[in-house]
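Trainee: I've got a model open and I'd like to learn how to read the ligand site and the aromatic rings. Could you walk me through it?

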Amino acid sequence: MWAPDALQKTLEDWLSVGPVHGVYWLGALDPEGDLSTMDLTTWHEALRIRVKALYVTMRTLYQQIAAPGTFLVSATRLGGQHGYDPSGAFAPLGGAVAGFTKTYKRERIDAMVKVVDFEAEANASDLAQIVIEETLRDPAAVEIGYKDGLRWTMSLEEQPAVDGQAGLTLDKDTVFVITGAAGSIVSAITADLAAVSGGTFYLLDLVPKPDPDNPDLGRFVSEKEALKRDLFARIQTRGERATPALVEKQLAALERAHAAQCAIDAVQAAGGRANYFSVNLTDADAVAHVINQVRQQSGRIDVLLHAAGMERSHLLPDKDPREFDLIFDVKSDGWFNLLHAIGKMPLKATVVFSSIAGRFGNAGQADYSSANDLLCKITSSFRTTRPATRALAIDWSAWGGIGMATRGSIPKMMELAGIDMLPPEAGIPLVRRELTVGGTRGEIVVGQRLGILLNEWDPTGGVEVSQSDDQKRLSAPGPMVAKVASMGIHQGLSIDTVLDPAVQPFLHDHQIDGTPVLPGVMGIEAFAEAALCMLPGWHIEAIENVNFL
Ligand SMILES: NC(=O)c1ccc[n+]([C@@H]2O[C@H](COP(=O)([O-])OP(=O)(O)OC[C@H]3O[C@@H](n4cnc5c(N)ncnc54)[C@H](OP(=O)(O)O)[C@@H]3O)[C@@H](O)[C@H]2O)c1
């Protein structure tokens, strides 16, 4: 496998000979070994081959793989259902490839872009055939999977947090390790967890340990404008040029220090113990050093919350390799270094902070989306690899009021995309709720309106409505389904049927005062036929719990 520069050069050489119309990205099909015994060098190499080389490739081919008729088809071996099945993701590093691919689709909407997932044991020739077939049909679904002889995609399902299973008890004995603790939303969530538990908190962040006596920390909240003027004056007094950018930088550092101090204060106010560490999570030795202190002082971790992160939005051509590494590595190397350092120390629950950008992809966030989806898929793999650990991934929508999404033009972009900003009062208690009221494992999306993220990629959901072959394949035997109009991922199945008492005896014979009325039984029949449209060859066993209102 080439080094990034050599890979780019090779691709450019190919382009000098002629156009490239498509890319098959198959690196994530390779065995990746056991994460728990993998060393850092192997981890880096595995991700370089899978996602960082994909970034170099698609950045170089960005103008080529854009128009209708061009394609990027990636393949993963997460298990055939992208890790959303009870056994969890099989080869979870493919999550980074899935996250990248979804973002590529959002940047290059006219190209055919898909990530096709396979079972662990899928053989090479079946797989090759499927990947080619997927290139040729159904532009409507980006995430496709093959499992148990069936073709799958995925959508969202609403599930209650209270699920009858026992949740965690959070009390003064609970040991929390929280990364990104000086993050705005993380500080607020830490305060919430502290208030309910009064437990022990190990708080990790890049931000230096704040000085509680620094008067600027309080002023950051109570008199921000006056503080800004003071910062300006102080810079000038030092004989430096006081630019607005410099003042904003100092203000941002104070925001972080203030958030870190708030987290520490909240733990102490609740009678808990706060241990703050200024640490770069990408530094394996530094992380190991902190986790060793956790091991010596507490001997276990009850809740590991990995929330450190960075975000810089640039479309691929403007996203240089340094930026990609910076954004990707905080989340991915940070997570690897933590898990590696924790080793076999008891670990009751993990929570990773992902994003709707990881779930759906988001233009400008190829690095962030790849890293977030990687965290989600590793979380999913814990069902098999760490069954004693309850692992959760939260795909947050953009928060309003506090946090990284309130900076720059993000709120405006969210509004244009029809995505609601999450009110902090809704987000803050959520981690506590998920941990304590039930037994949720896996990935949850937290947000309100998701706007364009739930738009279908194709108005008919990829069904070729005018093609009689497709109609024949999709229609079910029976009187209620005349024509499948569309089969969207988020919007479901639509069927067109003309009901005419002159044609259908069940209407002719079922009239009240001369008005034909659809018999309830035929409504139920319509459900059964609709279900068979989606699963031809299956058998309807029963339709239960029907209520006529
Ligand atoms: N806020 C949202 O709307 C939103 C939405 C979806 C997902 N999320 C996720 O939620 C998490 C927290 O978000 P937030 O809004 O609180 O973010 P934030 O305010 O930007 O805080 C993130 C924190 O992580 C720290 N960090 C960055 N690189 C690090 C490293 N190498 N080692 C240790 N710490 C590092 C940052 O320090 P520096 O400031 O010094 O870089 C910062 O204190 C992130 O993982 C984010 O992806 C947030």
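Mentor: We'll take the ligand shell, then the ring pairs, then the charges over rings. This is a predicted model, so local features need pLDDT of at least 70 and side-chain atom pairs count only at pLDDT 80 or more, while totals for chains, interfaces and linings use all residues. Residues are numbered from 1 along each chain as its sequence is written, and side-chain values use heavy atoms, with hydrogens and water left out.

Trainee: Which residues come nearest to the ligand?

Mentor: A residue is near a molecule if one of its heavy atoms lies within 4 Å of it. Here 31 residues are around the ligand, and Arg-256, Ala-307, Tyr-368, Trp-399 and Met-404 come nearest. Helix H5 (184-197), helix H10 (321-342) and strand S10 (347-355) each supply at least two residues of that shell; helices (H or I, at least four residues) and strands (E, at least two) are DSSP runs, numbered from the N terminus.

Trainee: What about polar contacts to the ligand?

Mentor: A polar contact is a pair of N or O atoms within 3.5 Å. The side chain of Tyr-368 has an N or O atom 2.5 Å from a ligand oxygen. Backbone N or O atoms take part too: one of Ser-184 lies 3.1 Å from an oxygen of the ligand, and one of Leu-206 lies 3.2 Å from a ligand nitrogen. As for cover, the ligand taken alone exposes 880 Å², and the protein buries 93% of that (Shrake-Rupley areas, 1.4 Å probe).

Trainee: Now the rings: how many aromatic pairs are there?

Mentor: Rings of Phe, Tyr and Trp (its six-membered ring) pair if their centres lie within 6.5 Å; planes under 30 degrees apart count as stacked, over 60 as edge-to-face and the rest as tilted. By this rule the count is 11. Take Phe-118 and Tyr-146: their ring centres are 6.1 Å apart with planes at 15 degrees, so the pair is stacked. Phe-118 sits in the loop between strand S3 (112-117) and helix H4 (124-136) and Tyr-146 in strand S4 (residues 143-147), so the pair ties together parts 28 residues apart in sequence.

Trainee: Are Phe-118 and Tyr-146 buried or exposed?

Mentor: Both are buried, meaning under 20% relative accessible area (exposed is over 50%, partly exposed in between; 1.4 Å probe, protein chains only).

Trainee: And which residue lies over the face of Tyr-62?

Mentor: A charge sits over a ring if NZ of Lys or CZ of Arg is within 6 Å of the ring centre and within 35 degrees of the ring normal. Arg-108 lies over Tyr-62, at 3.9 Å from the ring centre.

Terms used: A polar contact is a pair of N or O atoms within 3.5 Å; within protein, one must be able to donate a hydrogen and the other to accept it, and residues adjacent in sequence count only if both atoms are side-chain atoms.
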